[in-house]
Amino acid sequence: MTHSPTGTTAPPDRKTGDNPAKVAFASFIGTTVEWYDYFLFGTAAVLVLNTQFFPSLNPLAGQLASLATFGVAFVARPLGGLIFGHFGDRLSRKSMLVLSLLMMGSSTFLIGALPSYETIGIAAPILLVVLRIIQGFAVGGEWGGAILMAVEHAPKHKRAFYGSWPQAGVPAGSVLSSLVFFIVQLMPDEQFFAWGWRIPFLLSAVLVGIGLFIRMKLEESPEFAEVKDTGSEAEVPVFEVVRTSKKSLLIGIFCLVGSNTLFYLATVYLLSWAPANTNLSRGDVLLAIAVGAAADVIAIPAVATFADRHGRRTMMVVGNIVTALAAYPIFLAMSTGTVWGAMLAMMLAFPIAHSIVYATSSGFVAHLFPPKVRYTGSSVAYQVGGLISSAPAPVISTLLYAQFGTWAAVAGYLVVANLIAAAFCALADKDES
C-alpha cells in the first residue's frame with residue numbers, strides 16, 4: 001500500500017497499459033518533432049530571416065534583430081511552463097503534451113507561409129514575432145510533460161535512463177532541422193532566399209501529424225494517476241512550489257545554464273561566426289552540427305546509465321566541469337577553418353560535453369519536486385533557466401566578439417556559465433538528487 005500526503009490510502013500498485021520503453025520512445029518521437037520545429041527558427045534566424053524580415057537594417061543590426069526575434073520565444077517559455085504545468089498537475093499530463101504539439105506545429109507551418117517584409121511591410125516582422133512567441137509558449141509546456149511521462153512510468157533504479165529519452169529528442173530535433181536546411185541551402189541562392197528556406201517549416205505539418213498519432217495513444221503516468229485517485233492535487237501548484245520548494249526551484253533554474261549556453265553557441269552562434277571568420281561554409285557548419293547532434297542522441301541514453309549507478313547530482317556536477325574544460329578546445333578546433341576541425345568541435349560540444357549534463361538533467365530536475373507539483377516545478381525551473389541562459393547566449397557571444405575581436409572571450413563566457421551551474425548542482429541534497 002502507498003499513502004498520500006493527506007493520509008488516505010491509495011490503490012495498491014496501480015497499473016497502466018504502458019510499459020516504460022514504449023513511453024520513453026513515444027516521448028522521444030514527440031520531443032524530436034517539437035524541437036525540430038523550435039530549432040528551425042534558430043537556423044533560419046542566422047541564414048535568412050534578417051534579409052527576409054529586416055532588410056532595411058545594416059548587416060550587424062539585421063543579424064542582431066533576427067537573433068532577438070529568435071530570443072523572444074524564451075520570454076514566452078516560462079509562461080508556457082507555468083500554465084501548462086498548472087493544468088498538467090491539476091488535470092492531465094497527456095492532454096498538455098498533445099496541446100503543446102498542436103500549438104508548435106501550427107505556428108511553425110505559418111512561419112513557413114508568412115509573407116516577407118517586401119510583400120506586407122512592417123506587418124511581416126510583427127507577425128513573425130507573434131508566431132515565435134507561440135512557439136516559445138508551446139515548448140514551455142513540452143519539456144516538463146515529456147520528461148515526467150518517461151520518468152514517472154520508469155522503475156526507480158532506471159529513471160535517469162528512461163528520462164533521458166525525451167532529452168535525446170532535443171539533439172535529434174537539431175539533427176533533423178540541420179539536415180533539412182543543409183539540403184535546401186544547396187539550392188541556388190536566388191531560389192533559397194526566395195522560397196527554399198520555407199520548405200523545412202512547411203514540412204513540419206507531416207511530422208506533427210506523426211507525433212500526435214503517437215502521443216494520443218499514451219496513458220497517464222502511475223504517479224500522477226495516484227495523485228488524482230487520492231484527490232491530493234495542489235489547488236494552485238505554482239504557489240505550492242514557491243511555498244515549499246524555493247531551494248529546489250533555484251537549483252532547477254541554474255543547474256542547466258552551462259549546458260544551455262553550450263548548446264546555443266554550438267547550434268546558433270557558431271553557424272553565424274564560423275562562415276564569417278573562417279574558411280568554413282554554412283553547409284560545412286550545418287553538416288558538422290548534424291553529425292555532432294546525431295552522436296549526442298546516442299550518447300545521452302548511454303550516459304544516463306551512469307547517472308542511475310553513481311547518482312544524478314554527481315553526474316550533473318561532473319558534466320558541467322567537463323563542459324567548462326571543453327570550452328576553449330571547441331573554439332580552437334572550429335577556428336581551424338577545416339571541415340575536420342568543425343567536426344571535432346561539434347563532437348566535443350555534443351556527445352562529450354553536452355550529453356553528460358543533459359542526459360542526467362531530466363531525472364535530476366524532476367526529483368527536486370514532489371509529484372503533485374512536479375510538472376509546474378520542473379517546467380518553470382527549466383524554462384526560466386532557458387530564459388536567462390539560452391536566449392541571450394547568441395546575442396552575448398556576438399557582442400563579446402564584436403567588442404574583443406577574439407573567440408577566447410566567448411569561450412570564457414561558456415566557462416563561467418558552466419562553473420555557475422556546477423555550483424548550484426552541488427547544492428542539491430543527496431536525497432533530492
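These are my notebook entries on a predicted model of one protein chain.

**Entry 1: the chain overall**

I began with the secondary structure and found that the protein chain has 20 helices and two strands. I then looked up burial, and of the 433 residues in the protein chain, buried residues make up 60%. For contact order I took contacts between residues at least 6 apart in sequence, and 85% of these join residues at least 24 apart.

**Entry 2: the nonpolar cores**

I asked next which residues touch the most other members of the largest nonpolar core. That core holds 109 residues, and the ones with the most such contacts are Y38, L49, F181, Y264, M334 and F364. Helix α17, which runs over residues 339-366, gives the most to this core, contributing 15 residues. A further core, of six residues, lies apart from it, and V23, A26, A146 and M149 are among its members.

I followed Y38 further and listed its contacts beyond four places in sequence, which are A73, F74, R77, M104, R132, Q135, G136, V139 and Y264. Y264 therefore turns up twice in my notes, as a contact of Y38 and, like Y38, among the core residues that touch the most other members; buried here means under 20% relative accessible area.

**Entry 3: α14 against α20**

Two packed helices are described by the angle between their axes and the distance between the axes, and I noted both for each pair that I examined. How do helix α14 (residues 257-277) and helix α20 (residues 407-426) cross? Their axes come within 8 Å and cross at roughly 160 degrees. An angle over 145 degrees counts as roughly antiparallel, and α14 and α20 are therefore roughly antiparallel to each other. The crossing in which α14 passes α20 is right-handed.

On the α14 side I wrote down V257, G258, S259, T261, L262, L265, Y269 and W273, which meet W407, V410, Y413, L414, A417, N418, I420 and A421 on the α20 side. Sorted by class, this contact of α14 with α20 comprises 12 nonpolar residues, four polar residues and no charged ones.

**Entry 4: α13 against α18**

I turned to helix α13 (residues 246-254) and helix α18 (residues 374-389), whose axes come within 7 Å and cross at roughly 45 degrees. α13 and α18 are therefore oblique to each other, and α13 passes α18 in a right-handed crossing. From α13, the residues L249, G252, I253 and F254 meet G377, V380, A381, Y382, V384, G385 and I388 of α18. I counted by class here as well, and the contact of α13 with α18 has eight nonpolar, three polar and no charged residues.

**Entry 5: α7 against α15, and S174**

The third pair I looked up was α7 with helix α15 (residues 282-310), which pack at an angle of about 175 degrees with their axes 8 Å apart. That makes α7 roughly antiparallel to α15. The contact of α7 with α15 divides into 21 nonpolar, six polar and three charged residues.

Within helix α7 (residues 159-184) I picked out S174. Is S174 buried or exposed? S174 is buried, with a relative accessible area of 2%. Not counting residues up to four places away in sequence, S174 touches F39, F263, T267, I289 and A293.

**Entry 6: three more single residues**

I looked up I330 in helix α16 (residues 312-334), and I330 is buried, its relative accessible area being 3%. I also checked I330 against L344, 14 residues away along the chain, and the C-alpha atoms of the two are separated by 7.6 Å. The residues that I330 touches beyond four places in sequence are L262, A345, L348 and A349; L262 also appears in my list for α14 with α20.

S204 is found in helix α10 (residues 204-215) and counts as buried at 0% relative accessibility. Leaving aside neighbours within four places in sequence, S204 is in contact with Y36, D37, G105 and T108.

Last, I looked at E235, which lies in the loop between α11 (222-230) and α12 (237-244). E235 is exposed, with a relative accessible area of 61%. The C-alpha atoms of E235 and D89 are separated by 9.4 Å, although these residues are 146 apart along the chain. With neighbours within four places left aside, E235 is in contact with H86 and R90.

Key. Residues numbered from 1 in each chain as written. Predicted model: local features only at pLDDT ≥ 70, side-chain atom pairs only at ≥ 80, totals over all residues. Heavy atoms only, no water. Axes fitted to C-alpha atoms, helices over the stretch in contact; angles between N-to-C directions. Helix = DSSP H or I, 4+ residues; strand = E, 2+ residues; numbered from the N terminus. Parallel < 35°, antiparallel > 145°, perpendicular 65-115°, else oblique. Left-handed = near helix turned anticlockwise from the far one by under 90°. Contact = heavy atoms within 4.5 Å. Nonpolar A, V, L, I, M, F, W, Y, C, P; charged D, E, K, R; others polar. Core = buried A, V, L, I, M, F, W, Y, C linked by side-chain atoms within 4.5 Å. Buried < 20%, exposed > 50% of the residue type's maximum accessible area, 1.4 Å probe, protein only.
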